[in-house]
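Okay, thanks everyone, let's get going. I'll put the structure up and then walk you through a few spots.

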Amino acid sequence: MAKKASSRLEWRINVPDGTSKVLEPESGAVGRIWVGLKGCMGIIVLKVWRVLENAWHIGVADPRKVIHCIKVGLALSIVSLFYYMRPLYDDFGGNAMWAVMTVVVVFEYTVGATFYKCINRVIATFLAGALGVGIHLVAEQSGDQLKPIILGISVFLFASAATFSRFIPSVKARFDYGAMIFILTFSLVSVSGYRVVELFELAHLRLSTIAIGTSLCILVTMLFCPVWAGCELHHLIHQNMEKLADSLDGCVAEYFKENGSEKDLNKKMQGYKCVLNSKAAEESMANFARWEPTHGRFNFTHPWKQYLKIGASLRNCAYCIETLNSCISSEIQAPPCLRKHFSNKCMKASSYSINVLKELAITIVKMKKSSNIDVKVAEMNFAVEELVDALKSLPTTHFIATTTGEESTKAKAEGVEGSEHPSPIMKVLPLVKVVSLMVEIATRIGGVVNAVEELARLAEFKAAKDGKPKQNQPTDKLVADHRNS
């Protein structure tokens, strides 16, 4: 009796070691679908894990963000009681939802931003509600035929005027949110008032719920781990000064190949980019800081606008450092003998410039006038004068002759025409550019000094304790020159 053929075919292959392996047949449609689903699930799980990992890192880096989330949840839970509890719901009815919506839209990360939205919302709602009710009364006295016409014209005029006000820079900076709420509230009151009989009661309930929501937001954001926009701005300016000093140090060290970790140098050199990108954050924080009440060392009249001037001065320095950084990767470089000739002078000017920035950063942090700033600025100016003198006394002819001889010898050895190599003058120019940038950076740091001193005067920083400043290279003449500049 012949053996029945197996319904499953097996394929075998021989391998070099003399053994054989069985090749499994391809799975059917169901198997392929299952494999695809497992792959999709794996990708989804991996992405979710990465999101959770990023969220964990954000929370660890700044726990205040986690606290802010908790504060928002707490405020919403409390304001929801007006909807859950029957006695409160009987008083406010469906208008209690306006309190919930208010908390959602006005609760911000910083105290200043929350104050900005709360005050704008309350004032705009009150003005728009009162104006809407007044126009509604006038429209009722005009008869049923003219009533919709008057309401429609009023909506057109006031909405257009409020929208145009948002293009005015001074209004946009401080009352943009209020103008938007005014348009929304006035339109709602005017349109709904045409059909609603008890308009006064409706306006009163909505204004009450909005006042409750804003008051709750202000209390929660101020009582539980407050984040002040003014403190954030103050800290940002201090950080930018530190980063700018590190960037200058890293760029000069990299150009003259000072000893140091390449990773640390690259990290230092990227600090100026943060300074260049901080303009929007500074303007936003300064705007919100003006809404904050007195807190810590900052009173209500603290000169927040002066921080913007300091930030602008720091960005002026950062532009020069960015250009200095581009000199490092330039295709045409100065000969090593030239760079060695200017290395000490440039490093000295860089060191004194960094000392000035560090001293200014300490002045910002401690909010005390520095007793050594004049001496440090004079040291910087003295080092810059030495650098300029070294540039003026540069033995260009000697270096050109030396470089020409080296290039000619190299060209003959390689069998290349000398005209294909950069001229000696072109090799000197990059170093002249670096020296000019060092002088310009020192000049712009002087602008930062003036801005910080103006802040110290306006904010009435405490006077520094009397001390004996270092009397090294600077002279009294240089200090006087700095004061007169």
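**Rings, a pocket and a helix**

So, let's start with a charge over a ring: the charged end of Lys-117 sits over the ring of Tyr-177, 5.1 Å from its centre. Before I go on, keep in mind that this is a predicted model.

There's another one of these at Trp-291: the charged end of Arg-174 sits over that ring, 5.1 Å from the centre. Trp-291 is where I'd like to stay for a minute.

Searching the whole structure turns up seven aromatic pairs. One of them is Tyr-116 with Trp-291, an edge-to-face pair at 5.8 Å centre to centre, with 65° between the planes. What does that pair tie together? Well, Tyr-116 is in helix α6, and Trp-291 is in the loop between α13 and α14, so the contact links parts that are 175 residues apart in sequence. Are these two residues buried or exposed? Tyr-116 has a relative accessible area of 9%, so it's buried. Trp-291 comes in at 11% relative accessibility, so that one counts as buried too.

Now the other partner. Phe-175 and Trp-291 have ring centres 5.9 Å apart and planes at 85°, so this pair is edge-to-face. Phe-175 belongs to helix α8, and Trp-291 to that loop between α13 and α14, so here the parts tied together are 116 residues apart in sequence. Phe-175 has 41% relative accessibility, and with the partly exposed class running from 20% to 50%, that's where Phe-175 falls. Add Phe-288, and you have one aromatic cluster: Tyr-116, Phe-175, Phe-288 and Trp-291.

Okay, next, the pocket. The largest one has a volume of about 310 Å³. Its lining is 20 residues, and Thr-125, Gly-129, Thr-185, Val-189 and Ala-203 lie nearest the centre. The elements giving two or more residues to that lining are α6, α8 and α9. Which of them gives the most? That's α9, with seven residues. By type, the lining breaks down into 13 nonpolar, five polar and two charged residues.

Last stop, helix α10, residues 229–255. At 1.5 Å a residue, its 27 residues should span 39 Å, and the end C-alpha atoms are 38 Å apart, so the two agree. α10 is mostly covered, with 20 of the 27 residues buried. Just after α10, look at Lys-257, which takes a positive phi of about 55°.

That's my tour, over to you.

How values were computed:
Residues are numbered from 1 along each chain as its sequence is written. This is a predicted model: local features need pLDDT of at least 70, side-chain atom pairs count only at pLDDT 80 or more; totals for chains, interfaces and linings use all residues. Side-chain values use heavy atoms; hydrogens and water are left out. Helices (H or I, at least four residues) and strands (E, at least two) are DSSP runs, numbered from the N terminus. The expected span of a helix is 1.5 Å times one less than its number of residues. Buried means under 20% relative accessible area, exposed over 50%, partly exposed in between (1.4 Å probe, protein chains only). On a 1 Å grid over the protein atoms alone, a cavity is a set of points where a 1.4 Å probe fits but cannot get out, and a pocket is an open set with protein on both sides within 12 Å along at least five of seven lines; lining residues have an atom within 4 Å of a point. Grid points are joined across faces, edges and corners, and a volume is the space filled by probe spheres set on the points. Ala, Val, Leu, Ile, Met, Phe, Trp, Tyr, Cys and Pro count as nonpolar, Asp, Glu, Lys and Arg as charged, and the others, Gly among them, as polar. Rings of Phe, Tyr and Trp (its six-membered ring) pair if their centres lie within 6.5 Å; planes under 30 degrees apart count as stacked, over 60 as edge-to-face and the rest as tilted. A charge sits over a ring if NZ of Lys or CZ of Arg is within 6 Å of the ring centre and within 35 degrees of the ring normal.
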